[in-house]
Amino acid sequence: QVQLVESGGGLVQAGESLRLSCTVSGRTFNSYTISWFRQAPGKEREFVAGITWNWSTDIRNYADSVKGRFTISRDNAQNTVYLQMNSLKPEDTAAYYCAAKRTGNAKYEYWGQGTQVTVSS
C-alpha cells in the first residue's frame, strides 16, 4: 500500500509562485511514477506533470499548459515529490492531486487527498 500526502496549496495572486509537496510512504519510492493532476470545478481531471526514476536520471513530463512555468522534482531522501509553480494564472486554479503508479503501468493506483490552489486575478 502506498500513501500520498499533499501540502502547499493556498491563495495567491496572478504571477506569484507556490510549491506543492507530495510525501510518499509505504513502498519503494524509486519504483513508482509520481504525477500531479488537477481538477477545476466543472472540468475533468487533467494531467499536469509527472516524474519517473530511470536508474540514472529522472524523466519528466509536462502538460503543454504548464511547460516553462511548472517544474516537478523529487527528493529521494525525503520520499517527496515537489511541484514548483511559477507565473501562476487564474486558470491554474484547481484542486491538485498527487498520484502514483508502478512504473510501466497505465493506471494510477494511489491518490492523495488533494490540495487547493486558488489564483486571483
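What follows is a walk through the strands, the disulfide and the charged pairs of this structure, which is a predicted model.

Let's start with the strands. Strands of a sheet pair through backbone hydrogen bonds, and the pairing can be parallel or antiparallel. One open sheet here is built from four strands in the order β1-β3-β8-β7, and the pairing is antiparallel. At its edges sit β1 (3–7) and β7 (70–75), each of which pairs on one side only. Going from one strand to the next, the twist averages 15°. Zooming in on β1 and β3, these strands run antiparallel and are joined by five bridges. To pick out one spot, L4 has V24 in β3 as its bridge partner.

Next come two hairpins that share strand β5. Strand β4 (residues 32–39) pairs with strand β5 (residues 46–53) in the antiparallel sense, over five bridges. Here R38 stands opposite E46 in β5. Six residues lie between the two strands of this hairpin, and G42 in the turn has a positive phi of about 80°. On to the other hairpin: β5 also pairs with strand β6 (residues 58–62), again antiparallel and over five bridges. In this pairing T52 stands opposite I59 in β6. The hairpin of β5 and β6 has four residues between its strands, and W55 takes a positive phi near 70° there.

Now for the disulfide. A search of the whole structure turns up one, and its partners are C22 and C98, with sulfur atoms 1.9 Å apart. The link of C22 and C98 is left-handed, with -75° about the S-S bond. C22 belongs to strand β3 (residues 18–25) and C98 to strand β9 (residues 94–102), so the disulfide ties together parts that are 76 residues apart in sequence. Are these cysteines buried or exposed? C22 counts as buried because its relative accessibility is 0%, and C98 is buried too, with a relative accessible area of 0%.

Charged side chains are the next stop. Side chains of opposite charge can pair when their charged atoms come close. The whole structure holds six salt bridges. One of them joins D92 to R38, whose closest N and O atoms are 2.9 Å apart. D92 sits in the loop between β8 (80–85) and β9, while R38 is in strand β4, so this pair ties together parts that are 54 residues apart in sequence. Both partners are tucked away: D92 is buried at a relative accessible area of 1%, and R38 is buried at 5%. This pair does not stand alone, as R38, E46, R69 and D92 are linked in a network of salt bridges.

Other salt bridges involve residues with more contact with the outside. K67 and D64 meet through their side chains at 3.2 Å, N to O, and D64 counts as exposed because its relative accessibility is 66%. E109 and R102 meet in a salt bridge as well, at 2.1 Å from N to O. E109 is partly exposed at 29% relative accessibility, and R102 is partly exposed with a relative accessible area of 35%.

Last up is T115, which lies in strand β11 (residues 115–120). T115 counts as buried because its relative accessibility is 11%, under the 20% limit for that label. A polar atom of the T115 side chain lies 3.2 Å from the backbone nitrogen of G9. Leaving aside neighbours within four places in sequence, T115 is in contact with several residues, including E6, L20 and Y96.

Methods
Residues numbered from 1 in each chain as written. Heavy atoms only, no water. Disulfide = S-S within 2.5 Å. Buried < 20%, exposed > 50% of the residue type's maximum accessible area, 1.4 Å probe, protein only. Pairing = 2+ DSSP bridges. Axes fitted to C-alpha atoms, helices over the stretch in contact; angles between N-to-C directions. Polar contact = N/O pair within 3.5 Å; in protein donor to acceptor, adjacent residues only side chain to side chain. Contact = heavy atoms within 4.5 Å. Salt bridge = Lys/Arg side-chain N within 4 Å of Asp/Glu carboxyl O.
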